[in-house]
Structure formats: C-alpha cells, structure tokens
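Me: I have a chain in front of me and would like to learn how to read its strands and contacts. Please start with one pair of residues.

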Amino acid sequence: MLAERTNYYVRDHTIPDGLVLPNGYRPWWMLCPYERPIWTVLDTGDKKDVTIRFDVRLPDGNLLEDYPNLYDTVRRITYAVRTGPLASIDSGQAQAQVATNLITLVRWMVLNHIYQFDDLTSSDAKEYGQLAVYGVDNILNTEGLLQRRVETLEARAQVSVDDTPDERRQKMQRVLPIVNPTGKAWRINRSQFLEDSGVNGVATKKAKAILQELLERIGYAVHKPSADSFEDATGISAPATTLDTFDDQAVSTEHLRRLLKPFEYLYLHRKILTDAMRRPPFPNSSASAIAKKFGTAIGRTDTVPIEQAKVLIERSVRWILDFSPALLAYQAGASYAGEVDIISNYSPFPILFSESEIEPAQAPANNRGLPLGTALNYLLTACSIVIAAFSARRAAEIAGLKAKCIWYDPAGKPWLQVFIHKTHQRNTAIPVPEVVVMAISLLEKISETARLENGSPYLFQYKIGETGKVRGLSRCGSPIFSFTRHLRDFGYFIDVPPLPDQTRWTFRPHQFRRFFAIVYIWVYEGGNWGALSYFLRHFDSTMTKRYVMDPVVGKIFAQVSQERTVKILVDVAFGRTRVSGKQAERLVEATEKLHVRLAQKIQVVSERKLYQRVQRLIERSAIQLVGLPWSFCASSPGSTAPHICNSDPSAGPEVNKATFNICSKCEHQFLTPAFAPFLERTIQMHEKISNSSNAPEILRNASKYSVVMMKAAIHSVKTP
C-alpha cells in the first residue's frame with residue numbers, strides 16, 4: 001500500500017534540522033509537507049488517513065502559530081514521537097492524540113499567562129495533574145470559557161433583561177455564527193462557536209453539551225425542534241444529550257496518563273527543541289505512576305451522599321404536600337388565599353402566576369418572582385424524586401408513566417405499572433409505598449387538563465390556564481420532560497446543604513436507583529440480593545451487586561451500620577426496645593456499663609451523651625450489622641468467634657448458607673423487634689407443614705422445632 005503513495009520517497013526541505021529524515025526522505029507516514037498547518041498522516045493497516053490540525057485558536061483569541069516557540073515545539077514533538085530515537089507511536093490516531101494533548105497544555109498555559117515551555121516547573125505539572133484527574137474540561141474550565149463567550153456576544157448584541165425571548169433571539173442571531181442564515185432551516189454553527197471560544201476539538205461531546213445548555217438559557221435553541229429528542233421503539237422519547245449526561249468523576253488511569261505525557265515529552269525531547277522543559281516535571285515519579293495513583297480512584301461516584309439525599313427527598317415531599325394546592329390553583333388561573341404563608345416557608349422567592357421565561361437565578365436580581373412554569377417543573381421534579389427514591393425507576397421509565405398506572409392488589413397494597421426500558425423491554429408492575437401513590441396522584445391532577453385536550457395518557461405534561469399551550473410533549477406526542485436538567489436546578493434552588501468541602505452536590509436521576517439499592521441492602525432488615533435484583537429488573541444479581549460494592553459505598557455502609565447499631569443500643573439502654581442474641585447481649589452489657597459510669601459522674605445522663613459514648617465503642621470494635629431476613633449478623637473484624645455459616649473461621653459470614661436455625665446458635669446473632677413480622681409469617685408456614693398429613697415425618701419434626709425456636713426469638717425481643 002505504501003508503494004502506491006505518490007509522495008513516498010519525497011524529499012521535504014521544510015522539515016527542521018534536528019529531526020530524523022529516514023534516508024534523507026520524508027517519513028513514510030507523512031502525506032504532506034511538514035510546513036503545512038494541517039497534516040495528513042497514515043494510520044495503521046487499512047484505516048483512513050488521519051488529519052492533525054495545528055491551526056487552532058487559543059482561549060485568548062490568538063492562534064497557536066501566533067506563539068512561534070509553542071507552535072514549533074508542538075509540531076516537533078508530534079513528528080518525533082513517530083520517527084527518530086524517541087519514537088513511541090505507530091498509529092496516526094495515537095499521533096493525533098499526542099498533538100491534541102500538547103495543544104491542551106498550551107491552552108492551559110495561555111490561560112495562566114505562561115508563554116514559554118521553558119517556564120514550566122514541577123509545581124505547574126503537579127497543579128495540571130490535579131486538574132487533569134477530572135478531564136480536559138476541568139483543565140480548561142470549558143464551561144467558564146463558553147459562558148464568557150456567551151456573555152461577550154450578549155454584550156455585543158446589547159441584550160437586556162427586559163427583552164422578550166423573541167427579542168433576545170433576534171439580537172443574538174446577529175452575532176452568533178449561523179449556518180444558512182437566510183433559509184428557514186438555519187442553525188448555529190457550533191464548531192465555529194467552539195473555535196471562537198478557543199476550545200474546538202477539546203472534549204467535543206461535553207463542550208457541545210455545555211454550549212447547548214448555555215444557549216438554551218438565553219432563550220436560543222441549539223437544535224431544530226424536531227431534533228430535541230429521539231423516539232425509540234417504545235414510543236418514549238429521550239432528551240438530547242445535555243451537560244447532565246456527563247458525571248463529575250475521575251478519568252481512567254490511561255486517560256490521565258495521556259494527559260500528563262506532554263510534560264514528559266517536553267523533557268525527553270529537549271535536545272531537539274529550542275523551547276522545552278530542562279528539569280524533570282515529575283521528580284522521583286512519572287506520568288504513569290501518578291495516573292495509577294489518581295486515575296478513577298478519587299473521583300466522585302454517582303452514589304449520592306446520605307445527608308444530601310435525605311434533605312432532597314424530605315423537601316421534595318414538602319413541595320408535594322405543601323406547595324401543590326397553591327400551584328394547582330395558580331395553574332387553573334385562580335388565586336389561592338394561603339399562598340404567601342405556605343410559599344414563604346419553603347421558597348426564597350414568591351411564585352407568580354406568569355408566563356415569564358425568566359430564569360430562577362435571575363429572579364432575586366430583577367426583583368421578580370419565580371415563573372409559574374418553572375415552579376410547576378419543580379413540582380414535577382419533586383414528584384420524580386419521590387418516585388425514583390422509593391421505586392428505583394430509571395429517568396426514562398418515570399418520564400413514560402401514564403395516567404391510572406397505580407392499581408391495588410387483593411390485599412390493598414399499591415403497585416406501579418411501568419415500562420422497563422433497559423433489560424426486560426416490557427410493561428411490568430412493581431410494589432410501591434403510599435408516598436409514590438401520592439406523587440402519581442398529584443401528577444394526574446397537574447396533567448389532567450393537558451390530557452383532556454390532546455388525549456395523550458402521559459403524566460409529565462401540563463397546561464397553564466384555559467388558553468395555555470401544552471408543555472412537556474414533543475410534536476410527535478412523546479414526553480420530553482427533562483428530569484436530569486430540572487433535578488440539578490431544583491437541588492440548588494431548595495438549598496440542599498453543601499458537602500463537607502463546601503461544594504454543592506449535583507444530583508442526577510440514576511443516583512436514586514443506586515441509593516435505593518444501598519438503603520435496601522444495608523439499612524432495612526431483611527434485605528435480599530435476589531429480591532433486589534428482581535425489583536430493579538436486572539438480569540442477574542451480579543449486575544445488582546455492582547451498584548453497591550465499591551470502596552466509596554463501603555464507607556457509606558460502614559457509617560450507616562454504625563449509626564444503626566448505636567441507635568438500637570441506646571434505645572435498649574433507655575428501655576424503648578429489646579434485643580437478643582449472643583452478640584447483642586455482649587453489646588448491651590457494654591452499653592449498660594457505659595451508662596452506669598456516666599451516671600456516677602453526672603446526675604442526669606442525656607441520650608445525646610450516651611449516644612456519643614456508644615458510638616465510640618462501636619467505632620473501636622468496628623462492628624457492622626449485616627441484614628438477614630430473620631436477624632442481623634453483627635460482624636467484627638477483630639472477633640475470634642467463627643461464623644457457623646462459614647467453614648473458614650477467619651472469614652466473615654457466608655450469607656447464602658445462613659438460615660435462622662444456624663444463626664440462632666451463632667455468636668454473632670443480633671435480633672431486634674423489627675424481625676418479628678418475618679418470623680411470624682415463617683411460623684405460619686411451618687405450622688401448616690407440621691400439621692400436614694402429607695408432609696414426611698422428618699419435615700414435620702423440623703418445622704415443629706423451627707416454630708419453637710422462632711416463637712422463643714419473638715418473645716425474647718418483645719418489650720415488656
């Protein structure tokens with residue numbers, strides 16, 4: 001294939017001195033003169049040729065070639081990584097990635113007013129590495145650069161806060177790069193916009209998502225209306241990619257290594273460079289070592305912190321209970337006498353009956369209230385949060401809910417009819433608590449007038465007043481409510497408390513699915529992997545276990561387990577409950593001793609004081625409560641007592657082999673009254689077996705024994 005290239009065995013006098021020329025000719029992979037600002041290079045095998053661009057614009061508005069020293073160094077390294085004694089690349093794609101990563105470093109340097117590679121220090125490399133852990137967009141603050149570009153264009157267009165959406169769009173059209181500006185199907189030239197902002201070619205997917213959000217905030221649609229969503233085979237539409245699609249989490253180890261390699265290239269290739277790093281960028285370390293240490297291991301996972309989740313869910317329920325009467329009245333066009341008292345308690349701004357499209361963040365600055373449309377979207381979001389948190393449904397499954405999706409079984413228990421998108425791909429019913437029923441009932445009220453008008457059964461749509469248009473459906477009649485977008489804004493709006501580092505947690509729909517799994521397995525008594533896997537509609541329990549088995553979640557489990565253990569023991573000390581089991585008896589004895597010692601020192605022992613002391617006791621012992629259907633297994637790493645369910649005495653419990661009869665003889669049993677309902681139901685089953693004439697005698701005797709043991713267990717935890 002190479003012999004067929006017309007430029008093979010070509011002499012290129014533009015290649016700088018110091019770069020290797022194989023036998024005096026241009027390298028076989030190079031298909032154009034070196035001096036060109038855009039290279040075409042061969043890839044491996046039969047892959048298409050690769051384009052490498054050096055004609056890029058930097059964040060300060062200048063081109064890369066406006067800085068000759070930076071331009072020359074980037075091109076020399078891009079050449080030398082594929083030809084010469086330091087060559088380490090054999091594909092065009094990898095070579096192009098080297099160039100991209102070098103240009104990313106240049107962009108960061110310009111943002112930090114560093115204009116010579118020779119001026120870079122190991123401290124700069126360390127700072128760059130800390131940013132690189134979260135990817136290119138974090139290195140360059142892509143969102144900030146695009147925001148600055150939007151603000152610049154708004155100033156140039158003389159946009160005012162008093163402009164109507166149409167006026168704002170007309171003004172912005174004059175300054176935005178437009179494709180086909182005279183035709184009906186004109187659209188924004190996003191590549192040009194990104195290039196003007198100095199980030200073209202950098203993390204394209206996320207940059208475009210950021211651009212989409214920023215332009216939507218100024219009332220300007222990035223896509224044509226027909227492209228806002230796509231419709232799958234089920235008839236449920238999914239929103240176009242947004243910023244919320246991308247999690248703030250660490251990049252992979254290999255990705256991080258590649259982002260840090262430019263520093264090593266600048267040092268390793270210094271003999272052929274006029275502008276290079278003259279000292280090692282990573283003293284006593286390397287890009288690979290740093291990547292192994294920080295890649296993927298330190299990013300935020302999508303496991304929502306417990307405290308933030310509790311606040312969000314509680315305030316969502318408050319919105320459903322306390323805001324809905326006022327908002328439903330406003331939606332119908334009527335006044336509501338109690339709106340001032342109710343709204344002032346749970347919202348920083350008054351809610352106006354208005355079609356205004358002003359953003360919530362602008363409301364206080366302009367002394368204007370939250371638009372009714374935004375308030376209704378927040379109410380829909382509150383309902384979505386409750387449904388997600390207590391039913392573990394995906395965002396698309398919630399968006400596709402229809403009227404009359406709640407039904408009751410013969411026992412009077414509610415079930416939710418929902419279409420499963422990802423695995424089963426069919427309608428199914430799942431049990432839900434009454435709080436989900438409450439949210440569904442509210443959604444039916446909000447969507448009632450819209451459903452009557454268009455005949456669509458979807459719940460996430462609404463009308464404002466008699467003459468308002470239906471919102472929440474695409475032109476083809478599919479729901480397009482953006483749970484992801486509104487969830488993030490709603491979390492900020494209701495002032496969910498910050499994390500310990502004072503940053504704000506960004507909520508995303510799928511976090512609640514994982515949160516549900518964590519709570520079910522590690523907090524509620526009787527958690528069962530098989531039941532959870534079926535409830536989530538996973539194909540197998542292995543898929544389910546990935547939700548909850550990682551180091552970060554493990555810390556959450558330990559925290560939750562400790563808090564639960566402490567609460568139970570303090571309740572025992574104050575006579576509010578009873579526990580049984582050998583491990584429980586030991587812990588209760590230790591708690592009582594703490595209580596006595598405190599009583600000898602102070603006249604009245606407060607619950608808070610005892611709670612603190614018991615918490616220290618549990619932390620030191622590292623005891624964790626593992627929920628089984630019939631009791632807790634109180635495991636401790638330092639315990640010498642073996643678990644009967646596990647043949648390995650040094651290992652923890654083997655839950656799959658545990659039974660009530662085995663656990664009742666184990667040193668680690670920890671029984672509370674919460675398990676009594678399960679035991680009572682199991683007793684009924686064993687009594688039927690023991691009284692059955694068809695059951696074998698050995699089975700009847702085993703059931704009689706189990707009944708005696710379970711009744712004794714229930715009696716041991718009954719509060720006198």
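Reply: Start with Trp-39, whose bridge partner in strand S2 is Ile-52. The model is predicted: local features need pLDDT of at least 70, side-chain atom pairs count only at pLDDT 80 or more, and totals for chains, interfaces and linings use all residues. Residues are numbered from 1 along each chain as its sequence is written, and side-chain values use heavy atoms, leaving out hydrogens and water.

Me: How many bridges join S1 to S2?

Reply: Two strands pair if DSSP finds at least two bridges between them. Strands are DSSP runs of E with at least two residues, and helices are runs of H or I with at least four, both numbered from the N terminus. Here S1 and S2 (residues 50–53) run antiparallel and are joined by 4 bridges.

Me: Which side chains of S1 are buried?

Reply: In a regular strand the side chains alternate between the two faces of the sheet. Buried means under 20% relative accessible area, exposed over 50%, and partly exposed in between, with a 1.4 Å probe and protein chains only. In S1 (residues 38–41), Trp-39 and Val-41 point to one face and are buried, whereas Ile-38 and Thr-40 point to the other and are not.

Me: What is Asn-69 in contact with, leaving aside its neighbours within four places in sequence?

Reply: Contact means heavy atoms within 4.5 Å. Asn-69, found in helix H1 (residues 68–80), is in contact with Tyr-115, Gln-116 and Asp-275, those neighbours left aside. Its side chain reaches the backbone oxygen of Tyr-115 at 3.1 Å.

Methods. A polar contact is a pair of N or O atoms within 3.5 Å; within protein, one must be able to donate a hydrogen and the other to accept it, and residues adjacent in sequence count only if both atoms are side-chain atoms.
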